[in-house]
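Here are some notes to read with the model open beside you. Take the points one by one, and find each residue on screen before moving on.

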Amino acid sequence: MEEKEQFFLEIYNLGIIKFGNFTLKSGMNSPIYIDFRPIASRPDLLIKLSDLLIHEVQSCNFELICGVPYAALPIATTLSLRSKIPLIIKRKENKGYGTERMIEGIYKTGQNCLIIEDVITSGDSLLKTLIDLEKEGLIIKNIMSILDREQGGIENIKKRGYNIRTLFRIGEVFKILEKKHFLKEKEIHMIQFFFQKKNIKNIQNKRISYEEKKEIISHPIGKKLIDITLKKKTNLIVSADLIHSKNILKLVNLIGDRICGLKLHVDIINDFSFSFINYLKKISIEKKFLLLEDRKLCDVGSTNYLQLHYGIHKISSWADIITIHVLSGSMSLQNLNIPSNMGLITISEMSSCGRLSDDNYIRKALKISLKNSKVIGTVAQRKVDDRLLLFTPGIHFSKQKNNVGNNYIHPVQAFEKNGSDFIIVGKGIYQSGNPKIAAEKYRNAGWKAYINGL
């Protein structure tokens, strides 16, 4: 134990623990950030770490070593050199050229591979690696983590049948640091706050309710959407990707009582007119749902402003919510001069296969979203900060890839795994034989999944 303590004090001096306000890979906020990457610049510490790992896994039988990309890669490489056990490299994404392989190295189907992770929080990154390795026919029996943030990741992995161990637990290392007087008073307060939040999460193991979310969301449209959701007991938004106004109105008259929002692409409507918009607006008021224009503004700020306020659609005159990309940076959201009764939804992550947005882009998109007071939420395929409403598209009871390259997600998965607040359903309803019945089924599934998470 003394050797482990001494080692941790050495790496702590590299600045591996930072205190402040950080956005994690999941999009969640944390007062503590742990980063093992500085160890890569200290070969002596990498060797010490690999020797500690060898001691921990000496009873395990494995033929390959793989580090979860990319922070654990230098650790796994050093462990491979010290143990003389072959290394394979897992990529985060397909390069799109060369061999286009996700796993690099020499291996055979049926070989047993030890996985090395640096920091485990929820375990999501680790699970992606596990899935890709198992697709290659490799066997995963043992996983070694350097540090467990004690936020459910270890338990999540164990529930799936894997044997996972960790060198350090966050509570354990903070006791070491406090005992050695390494911590300032402000840092101790941050640690206490962290454990308070962590313990509440671990004990309750639940999502926050719409009522709690309403207290966090500051924008009036975000609050109004939650009010509608609670009153009608529906978190269903229907995507009416139809090209004739009469078909949209027909659909809305059938399903309006079962939805909290209607998503439109007005630029695909062949016979768009303001008489259509006025009638649709009237129905939305009567049946109590919001109109969401999925314009996905994606230009510099001045062009976004013109597309929002001018042209034949004049979106700002009728839409309650509009979607916007953040590819052009935070300034593209500034000076839009949107009405006070209109909110923005950013696009952080789409449901299409082969999308170019990686985890780094998504983190930046979420950060921009949190800093803009007009943003009520974001579109993503993962859990995000509770200060944002999460909208999940690509919802279908059939969890397969459709013929235009979108990955479908079951409503239960959207709420239980991704922590969604609102599901967006299109073809599953308007292409069904009976949209009214289909909408009711999705409404019930979404609401039940939400209630079960409380």
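1. Let's begin with some rings. Tyr-210, Phe-391, Phe-422, Trp-447 and Tyr-450 form one aromatic cluster. Please keep in mind that you are looking at a predicted model. By the rule that ring centres must lie within 6.5 Å, the count of aromatic pairs comes to 11.

2. Two of the aromatic pairs are good ones to look up. In the pair of Tyr-12 and Phe-182, the ring centres are 5.9 Å apart and the planes stand at 55°, so this pair is tilted. Where do Tyr-12 and Phe-182 sit in the chain? Tyr-12 is in helix 1, while Phe-182 is in the loop between helix 6 and helix 7 (185-204). The two are 170 residues apart, so the pair links distant parts of the chain. Tyr-12 counts as buried because its relative accessibility is 12%, whereas Phe-182, at 30%, counts as partly exposed.

3. Now try the other pair. Phe-397 and Tyr-442 are stacked, with 4.0 Å from centre to centre and 10° between the planes. Phe-397 lies in the loop between strand 15 (389-392) and helix 14 (411-416), and Tyr-442 lies in helix 16 (residues 435-452), so the pair ties together parts that are 45 residues apart in sequence. Are these two buried or partly exposed? Phe-397 is partly exposed, with a relative accessible area of 33%. Tyr-442 is buried, with a relative accessible area of 3%.

4. Stay in helix 16 for a moment, and you will find Glu-440 there. Glu-440 has a relative accessible area of 24%, so this residue is partly exposed. How many residues separate Glu-440 and Asp-386 in sequence? They are 54 residues apart along the chain, and 27 Å apart in space from C-alpha to C-alpha.

5. Next, the barrel. Eight strands close into a barrel, in the order 9-10-11-12-13-14-15-16, and their pairing is parallel. On average, neighbouring strands of this sheet are turned by 25° against each other, direction ignored. For a close look, choose strand 13 (residues 343-347) and strand 14 (residues 375-379), which pair in the parallel sense over four bridges. The bridge partner of Leu-344 in strand 14 is Val-375. You can also find helix 12 (residues 301-309), which lies across strand 11 (290-297) and strand 12 (321-324) and runs at about 145° to strand 11.

6. There is an open sheet to compare with the barrel. It has six strands in the order 5-4-3-6-7-8, with mixed pairing. Why is one side of strand 5 and of strand 8 left without a neighbour in the sheet? Strand 5 (103-104) and strand 8 (163-169) stand at the edges, each with a single partner strand, so one side of each has no neighbour there. As a reminder, strands of a sheet pair through backbone hydrogen bonds, either parallel or antiparallel.

7. Inside that open sheet, strand 6 (residues 112-120) and strand 7 (residues 139-148) pair in the parallel sense over seven bridges. Ile-115 has Ile-143 of strand 7 as its bridge partner. Helix 4 (residues 124-135) packs on the sheet and touches strand 3 (64-67), strand 4 (87-90), strand 5, strand 6, strand 7 and strand 8. The direction of helix 4 makes about 165° with that of strand 6. Helix 6 (residues 170-179) packs on the sheet too, touching strand 7 and strand 8, and its direction makes about 15° with that of strand 8.

8. Helix 6 also packs with helix 1 (residues 2-12), at an angle of about 80° and with the axes 11 Å apart. This angle makes helix 1 roughly perpendicular to helix 6. Glu-5, Phe-8, Leu-9 and Tyr-12 of helix 1 make the contact with Val-173, Ile-176, Leu-177 and Lys-179 of helix 6. By class, these residues are six nonpolar, no polar and two charged.

9. Finish with helix 10 (residues 245-255) and helix 11 (residues 274-287), which pack at about 5° with their axes 11 Å apart. That makes helix 10 roughly parallel to helix 11. On the helix 10 side, the contact is made by Ser-245, Ile-248, Leu-249, Val-252 and Asn-253. Helix 11 brings Phe-276, Tyr-279, Leu-280, Ile-283 and Lys-287. This contact has seven nonpolar, two polar and one charged residues.

Terms used: Residues numbered from 1 in each chain as written. Predicted model: local features only at pLDDT ≥ 70, side-chain atom pairs only at ≥ 80, totals over all residues. Heavy atoms only, no water. Pairing = 2+ DSSP bridges. Contact = heavy atoms within 4.5 Å. Axes fitted to C-alpha atoms, helices over the stretch in contact; angles between N-to-C directions. Parallel < 35°, antiparallel > 145°, perpendicular 65-115°, else oblique. Nonpolar A, V, L, I, M, F, W, Y, C, P; charged D, E, K, R; others polar. Phe/Tyr/Trp six-rings, centres within 6.5 Å; stacked < 30°, edge-to-face > 60°. Buried < 20%, exposed > 50% of the residue type's maximum accessible area, 1.4 Å probe, protein only.
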